[in-house]
Amino acid sequence: MNALMGHPNTIYGQCICGAVRYRVQDSMAAFKLCYCSFCQRASGSSHAANAFTTSDQIEWLDGQDMLASFDVPNSQVRRVICRSYRTTLPFETQNGKFLVVPVGSLSRPPSQPVNAIDCWASRPAWYDEPRGLIEETQKVERAAQ
């Protein structure tokens with residue numbers, strides 16, 4: 001029996017189509033946002049949001065046959081994706097030291113708050129532009145409540 005079975009501090013995750021499902025122990029050592037150009041390209045957005053734990057903290061529930069993986073040259077990154085819609089899923093670093101969990105694939109955020117921001121100076125130029133929109137959107141949402 002897997003140690004994660006029925007554990008109250010378990011977080012569930014899945015790919016976008018639901019074919020691949022997993023659960024991971026909510027005992028992340030770190031939760032980082034990275035704005036480097038590599039993470040921008042890998043995520044297709046302004047940054048990557050990843051939590052870090054060890055590979056013994058995950059249990060794949062469904063769809064392991066749908067996983068594809070590849071090592072990114074000149075890095076410790078090993079990308080794991082769902083073959084259907086290419087959703088990024090947890091992966092073990094090439095040196096086996098960490099399990100990297102894309103937080104967007106989780107059913108809820110880890111209890112570990114964001115504790116590091118990497119490469120802030122590399123954020124895209126457009127990232128800071130919508131700040132006024134954020135404040136305006138918050139006002140509209142508060143008024144709607």
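These exercises, with worked solutions, walk through a predicted model of one protein chain.

**Exercise 1. The overall make-up**

Task: Find how many helices and strands the chain has, and in what order they come.

Solution:
- Step 1. Count the elements. The chain has 2 helices and 11 strands.
- Step 2. Read from the N terminus. The order is β-β-β-α-β-β-β-β-β-β-β-β-α.
- Step 3. Place the chain in a box along its principal axes. The C-alpha atoms fill roughly 50 × 40 × 30 Å.

**Exercise 2. Inside and outside**

Task: State what share of the residues is buried, and what supplies the exposed area.

Solution:
- Step 1. Take the cut-off. Buried means under 20% relative accessible area.
- Step 2. Apply it. Of the 145 residues, 37% count as buried.
- Step 3. Turn to the surface. The chain exposes about 8800 Å², and carbon and sulfur atoms supply 52% of that area.
- Step 4. Look at the charges. There are 14 positive and 13 negative ones, and their mean positions lie 2 Å apart.
- Step 5. Check the contacts with a separation of 6 or more. Residues 24 or more positions apart account for 56% of them.

**Exercise 3. An open sheet**

Task: Work out the strand order of the five-stranded sheet and name its edge strands.

Solution:
- Step 1. Line up the strands. The order is β9-β10-β4-β3-β11, with mixed pairing, and the sheet is open.
- Step 2. Find the edges. They are β9 (91-92) and β11 (116-118), each of which pairs on one side only.
- Step 3. Follow β9 to its partner. β9 and β10 (residues 99-102) are antiparallel and share 2 bridges. Phe-91 has Val-100 of β10 as its bridge partner.
- Step 4. Trace the turn. β9 and β10 make a hairpin, with 6 residues between them. Gly-96 in this turn has a positive phi of about 75°.
- Step 5. Move to the next pair. β4 (residues 48-53) runs antiparallel to β10, joined by 4 bridges. Asn-50 stands opposite Pro-102.

**Exercise 4. The two faces of β10**

Task: Sort the residues of β10 by the way they point, and say whether they are buried or exposed.

Solution:
- Step 1. Recall the rule. Side chains in a regular strand alternate between the two faces of the sheet.
- Step 2. Sort. Leu-99 and Val-101 point one way, while Val-100 and Pro-102 point the other way.
- Step 3. Check the cover. All four of these residues are buried.

**Exercise 5. The last helix**

Task: Compare the length of α2 with the expected span, then judge its cover.

Solution:
- Step 1. Count. α2 (residues 131-144) has 14 residues.
- Step 2. Compare. From first C-alpha to last, α2 reaches 20 Å, close to the 20 Å expected at 1.5 Å a residue.
- Step 3. Look for buried residues. The count in α2 is 0, so this helix is hardly covered.

**Exercise 6. Positive phi outside glycine**

Task: Locate Arg-86 and Cys-119, and say how exposed each is.

Solution:
- Step 1. Recall the background. Most residues other than glycine have a negative phi.
- Step 2. Take Arg-86. Its phi is positive, about 65°, although Arg-86 is not a glycine. Arg-86 sits in the loop between β7 (78-82) and β8 (88-89). Its relative accessibility is 51%, so Arg-86 counts as exposed.
- Step 3. Take Cys-119. Its phi is positive too, about 60°. Cys-119 lies in the loop between β11 and α2. At a relative accessible area of 39%, Cys-119 is partly exposed.

How values were computed:
Residues are numbered from 1 along each chain as its sequence is written. This is a predicted model: local features need pLDDT of at least 70, side-chain atom pairs count only at pLDDT 80 or more; totals for chains, interfaces and linings use all residues. Side-chain values use heavy atoms; hydrogens and water are left out. Buried means under 20% relative accessible area, exposed over 50%, partly exposed in between (1.4 Å probe, protein chains only). Contact means heavy atoms within 4.5 Å. Accessible areas come from the Shrake-Rupley method with a 1.4 Å probe; for residues, only the protein chains shown count as cover. Lys and Arg count as positive and Asp and Glu as negative; His and the chain ends are not counted. The place of a charge is taken as NZ of Lys, CZ of Arg, CG of Asp or CD of Glu. Two strands pair if DSSP finds at least two bridges between them. The expected span of a helix is 1.5 Å times one less than its number of residues.
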